[in-house]
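Please load the model in your viewer and keep a selection tool ready, since this tour goes from one selection to the next and describes what is found at each stop.

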Amino acid sequence: MIKNRKDEHIAFAFKQGIRINRFDDVFLESTDLPEMSIEDIDLSTTFLGYDIPYPFYINAMTGGSLKATEINEFLSKLANHFNLPMVLGSQSIAIKDASWESSFKVARKHHNGLLISNVNPNFTLEQAKKAIQMVDSNGLSIHINLIQELSMAEGDRDFRLWNDNIKNIVSNIQVPVYVKQVGQGMSLQTVQKLKKLGVKAIDVSGKGGTSFIEIESNRSKTDYSYLESFSIETVDALLNLKDETELDIYASGGIRNPLDVIKALTLGAKAVGLSKWFLLLTELSMEEAIQRVEQFITDLKKIMLIVGKQNIKALKEVKYTVKS
Ligand SMILES: Cc1cc2nc3c(=O)[nH]c(=O)nc-3n(C[C@H](O)[C@H](O)[C@H](O)COP(=O)(O)O)c2cc1C
């Protein structure tokens, strides 16, 4: 059942169109006098306390099917080429059925850099440790996806253990850990609760790109599109947290191009995750995919020139307006 689900998620995710989203309502102030060369731009930042060369990462997607194995192999080779962090898809299938471990291990085989495990909050501390050992990962992401579960015919209905599991994992695990959403965005209430559980880093993963409400509606042939009313655009999730000082904030959800990355960084993210954008690259040859990522990096540098900032930290000084 889960294996099949993974393949359906991938197939429906491919089919979703690229959306107009709230990143289009964010306007950054530009300058024609940046006083530097493109060679001076430094795109390095940190992710979960690790230094990374570029401010973006391959976000959680797959594992647990043959198609997912191919995708993980392709993306891990790409991640290795650019030294990008790669977040794995949920490892729950491999915890339940060890024969699927190889669909995740393939990523470690090809990627020497940062590899991040992915679990759901039903995982106990012991299971989370197993997920980390399975791929010798450098960090752990816990995804919270209540609305997705509820719009899945076979999804979870009992969430009593989530808070305790998150608390237990964040206080006892040996690698850096963060909590992520899956494209519906984190409300302020959720963030406040996570902080009380000891969470130190989050990926707000908001609305604007891949919609699991739409994917699950398609799978179950039941229209849950009205639940999008609860979804929070990535831009708004970041704006809600603009006075937050205790958390490391990462952003994903609807990042379509290098300008969206720069906007998310300006709004407070330390690094930015892309899923759909990387999923589309898996249809290309490795050579073409490498060229696309190279172009993406060059274009990030061009935008840094347009806003007149030399490094990622300085982006926090960029003036911006947001259309309401
Ligand atoms: C095919 C597919 C599978 C995904 N599976 C997972 C998953 O297993 N665990 C998880 O935390 N997020 C998962 N996600 C959610 C992404 O990590 C991300 O939060 C979401 O897709 C929004 O980013 P995007 O608009 O760039 O796609 C998946 C996304 C896609 C497209």
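Begin by selecting threonine 45 together with lysine 270: the side chain of threonine 45 reaches the backbone oxygen of lysine 270 at 2.8 Å. As you look at this pair, keep in mind that the model is a predicted one. Threonine 45 belongs to strand S2, and with a relative accessible area of 14% it is buried, because the cut-off for that word is under 20%. If you extend the selection to what threonine 45 touches, leaving aside residues up to four places away in sequence, you pick up Tyr50, Asp51, Ile52, Tyr54, Pro55, Lys270, Ala271 and Ile312.

From that set, take isoleucine 312 next, which sits in the loop between H13 and S12. Is isoleucine 312 buried or exposed? Its relative accessibility is 4%, so isoleucine 312 counts as buried. Its contacts, again without residues up to four places away in sequence, are Asp42, Leu43, Ser44, Thr45, Pro55, Leu265 and Met304. Draw a distance from isoleucine 312 to leucine 265, and the C-alpha atoms will be 7.3 Å apart, although 47 residues separate the two in sequence.

Leucine 265 leads to helix H11, where it is one of the buried residues. Select residues 258-266 to show this helix, which is largely enclosed by the rest of the structure, because 8 of its 9 residues are buried. Those buried residues are Pro258, Asp260, Val261, Ile262, Lys263, Ala264, Leu265 and Thr266. To see what lies over them, colour S1, helix H10 (234-240), strand S10 (248-252), strand S11 (272-274), H13 and strand S12 (320-322), which are included in the cover. Now go to the two ends of H11. Asparagine 257 caps the N-terminal end, with a side-chain oxygen 3.0 Å from the backbone nitrogen of leucine 259, whereas the helix is followed by glycine 268, whose phi is positive, near 125°.

A second helix to select is H5, residues 125-135. Here Leu125, Ala128, Ala131, Ile132, Met134 and Val135 are buried, and what covers them includes helix H3 (92-96), helix H4 (101-110), strand S6 (115-119), S7 and helix H7 (162-172). As background for reading such a list, an α-helix has 3.6 residues a turn, so residues three or four places apart point the same way.

H5 is followed by aspartate 136, which lies in the loop between this helix and strand S7 (139-143). Aspartate 136 has a positive phi of about 50° although it is not a glycine, and at 54% relative accessibility it counts as exposed. Where else can a positive phi be found in a residue that is not a glycine? Select glutamate 35, where phi is about 60°. Glutamate 35 is placed in the loop between strand S1 (26-28) and strand S2 (45-47), and it counts as exposed at 79% relative accessibility.

Now turn to the nonpolar interior. The largest nonpolar core has 92 residues, and those with the most contacts inside it are Ile202 and Phe278. Helix H13 (residues 286-306) supplies the largest share of this core, 9 residues. Centre the view on phenylalanine 278, which touches Phe56, Tyr57, Ile58, Met61, Leu75, Leu78, Leu84 and Val293, residues up to four places away in sequence not being counted. Apart from this core lies another, of 12 residues, among them Val87, Ile116, Tyr178 and Ala201.

Finally, select the ligand and the 24 residues that surround it, of which the closest are Ala60, Ser90, Ser205, Thr210 and Gly254. How do the residues of this shell divide into nonpolar, polar and charged? There are 7 nonpolar, 14 polar and 3 charged residues, and helix H1 (residues 2-15) gives the most to the shell, with 4 residues. Three polar contacts can be displayed in turn:

- A polar side-chain atom of lysine 6 is 3.1 Å from a nitrogen atom of the ligand.
- A polar side-chain atom of serine 205 is 2.6 Å from an oxygen atom of the ligand.
- A polar backbone atom of serine 275 is 3.0 Å from an oxygen atom of the ligand.

With these contacts in view, add a surface: of the 610 Å² of accessible area that the ligand has on its own, the protein covers 97%.

Notes:
Residues are numbered from 1 along each chain as its sequence is written. This is a predicted model: local features need pLDDT of at least 70, side-chain atom pairs count only at pLDDT 80 or more; totals for chains, interfaces and linings use all residues. Side-chain values use heavy atoms; hydrogens and water are left out. A residue is near a molecule or strand if one of its heavy atoms lies within 4 Å of it. A polar contact is a pair of N or O atoms within 3.5 Å; within protein, one must be able to donate a hydrogen and the other to accept it, and residues adjacent in sequence count only if both atoms are side-chain atoms. Accessible areas come from the Shrake-Rupley method with a 1.4 Å probe; for residues, only the protein chains shown count as cover. Ala, Val, Leu, Ile, Met, Phe, Trp, Tyr, Cys and Pro count as nonpolar, Asp, Glu, Lys and Arg as charged, and the others, Gly among them, as polar. Buried means under 20% relative accessible area, exposed over 50%, partly exposed in between (1.4 Å probe, protein chains only). A nonpolar core is a set of buried Ala, Val, Leu, Ile, Met, Phe, Trp, Tyr and Cys residues joined through side-chain atoms within 4.5 Å. Contact means heavy atoms within 4.5 Å.
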